[in-house]
Amino acid sequence: MIIMSEPLDSDLCKIVLRLGGFHTKMSFLGCIGSLMAGSGLKEILEMIYAPNAVEHILTSKAIARAVRAHLLVDAAVNTLIVSKALKVSIPGLQEKSDDPPAVEDEYDHDADVSPHARPSEECTQKRHVPFLTN
Amino acid sequence: MYTKEACSLFDELINKRKSAEEVSAADVLTRIKDLLQEQRDLMKDNCTALLWLQYLDMVDILRMFIKAERTGNWRLHLQALSEMLSSLAAAGHNLYAKSVRLYLQSMSSLETDHPSKLMGRRFRWIHSCYISVLLLLASLWMT
């Protein structure tokens, strides 16, 4: 408003206001948290973070944690989809299915899972199965 | 069938028998991608799965935004913001949705209004200035 009300030849007209990246990301993470409320995301995150931290993650007060948490859950859900599409069983996941056992240890070549994300991701997979199958 | 091909491709990449460009242009990967898209389309009848697919899309937007911010890619930044609009509005963050919309509108006319500000790596330069000012402020704060 100040810039717009200035005369055209003033120095202020050269300034361009930008929306900060950090706060945009913060509000977007808050969006994800509020859209996924009650979907079980909170319970999944409680497996890798303390309950109080999860509150902060979903309201996007803890940015670094929130980004990591969302990437982990994203990797886990993607792994489930890949394993279903390619009919590859996931090692470490006890699933009662009638499918013939497929070749193991191959899912990580196809899924876009970063190697260091795997230990905690496997904990989340167990909780994920009902969400995608029911 | 796909897994074996993908595995051999992966091994070739790791043993440096093939370059990253060759591997990413491989036919198997596009077939796997199509298969995954098919699987996603199949799941679309299911409400719970649809919610999680939507979640995956949102995380993709987040990833795109982070990439744009870190590489100083102005076009990708604007694209990520415009894709964020719908979820911002859906979550009831009306003020954010309004601001982002106004911001996009003024930024799309940036090329005509301020041609000197937008010259490719210019954004990165502005960005690095911004970061150095932040660092300065932080160091002042700490002392």
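**Helix crossings and contacts, step by step**

Tutor: Let's start with chain A, where H2(A) and H5(A) make a left-handed crossing. Keep in mind that this is a predicted model.

Student: Okay, what makes the crossing of H2(A) and H5(A) left-handed?

Tutor: Left-handed means that the near helix is turned anticlockwise from the far one by less than a right angle, and the crossing of H2(A) and H5(A) falls in that class.

Student: And why is H2(A) called oblique to H5(A)?

Tutor: Start with the geometry: the two axes come within 11 Å and cross at roughly 50°. Under 35 degrees would count as roughly parallel, and roughly perpendicular runs from 65 to 115. The angle fits neither class, so H2(A) is oblique to H5(A).

Student: Which residues of H2(A) and H5(A) meet?

Tutor: From H2(A) you get Lys25(A), Met26(A), Leu29(A) and Ile32(A), and they meet Ile63(A), Ala66(A) and His70(A) of H5(A). Sorted by class, that's five nonpolar, one polar and one charged. The charged one is Lys25(A), because Lys counts as charged.

Student: How do you know that the length of H5(A) agrees with 1.5 Å a residue?

Tutor: H5(A) covers residues 63-85, which is 23 residues. The expected span is 1.5 Å times one less than that number, so it should be 33 Å, and the end C-alpha atoms are indeed 33 Å apart. Just past this helix, Lys87(A) has a positive phi of about 55°.

Student: How many residues does each chain put into the contact between them?

Tutor: Chain A gives 30 residues and chain B gives 32. On the chain A side, H2, H5, H6 (107-110) and H7 (118-133) each supply at least two residues. H5(A) has the largest share, with nine. The classes on that side are 17 nonpolar, eight polar and five charged.

Student: Over to chain B. Why is H4(B) described as roughly antiparallel to H5(B)?

Tutor: Their angle is about 150°, with the axes 9 Å apart. The cut-off for roughly antiparallel is over 145, so H4(B) is roughly antiparallel to H5(B). Their crossing is left-handed. Among the residues that make the contact are Met58(B), Ile61(B) and Phe65(B) of H4(B), with Leu76(B), His77(B) and Ala80(B) of H5(B). By class, this contact has eight nonpolar, two polar and three charged residues.

Student: What makes H5(B) roughly antiparallel to H6(B)?

Tutor: You can use that cut-off again. H5(B), residues 74-90, packs against H6(B), residues 94-108, at about 155°, with axes 9 Å apart. That angle is over 145, so H5(B) is roughly antiparallel to H6(B). H5(B) passes H6(B) in a left-handed crossing. Leu78(B), Leu81(B) and Leu85(B) are among the H5(B) residues in this contact, and Tyr96(B), Val100(B) and Leu104(B) are among those from H6(B). The contact divides into 11 nonpolar, one polar and one charged residue.

Student: How do you know that H1(B) has close to its expected span?

Tutor: With 13 residues, H1(B) is expected to reach 18 Å, and its first and last C-alpha atoms are 18 Å apart. After H1(B) comes Lys16(B), with a positive phi near 60°.

Student: Which elements of chain B have the lowest and highest mean pLDDT?

Tutor: H8(B), residues 122-142, has the lowest at 59, while H4(B) has the highest at 90. Chain B averages 80, and 78% of the residues score at least 70. The model as a whole gets ipTM 0.71 and pTM 0.69.

How values were computed. Residues numbered from 1 in each chain as written. Chains lettered and ligands numbered in written order. Predicted model: local features only at pLDDT ≥ 70, side-chain atom pairs only at ≥ 80, totals over all residues. Axes fitted to C-alpha atoms, helices over the stretch in contact; angles between N-to-C directions. Helix = DSSP H or I, 4+ residues; strand = E, 2+ residues; numbered from the N terminus. Contact = placed C-beta atoms within 7 Å. pLDDT = per-residue confidence, 0-100.
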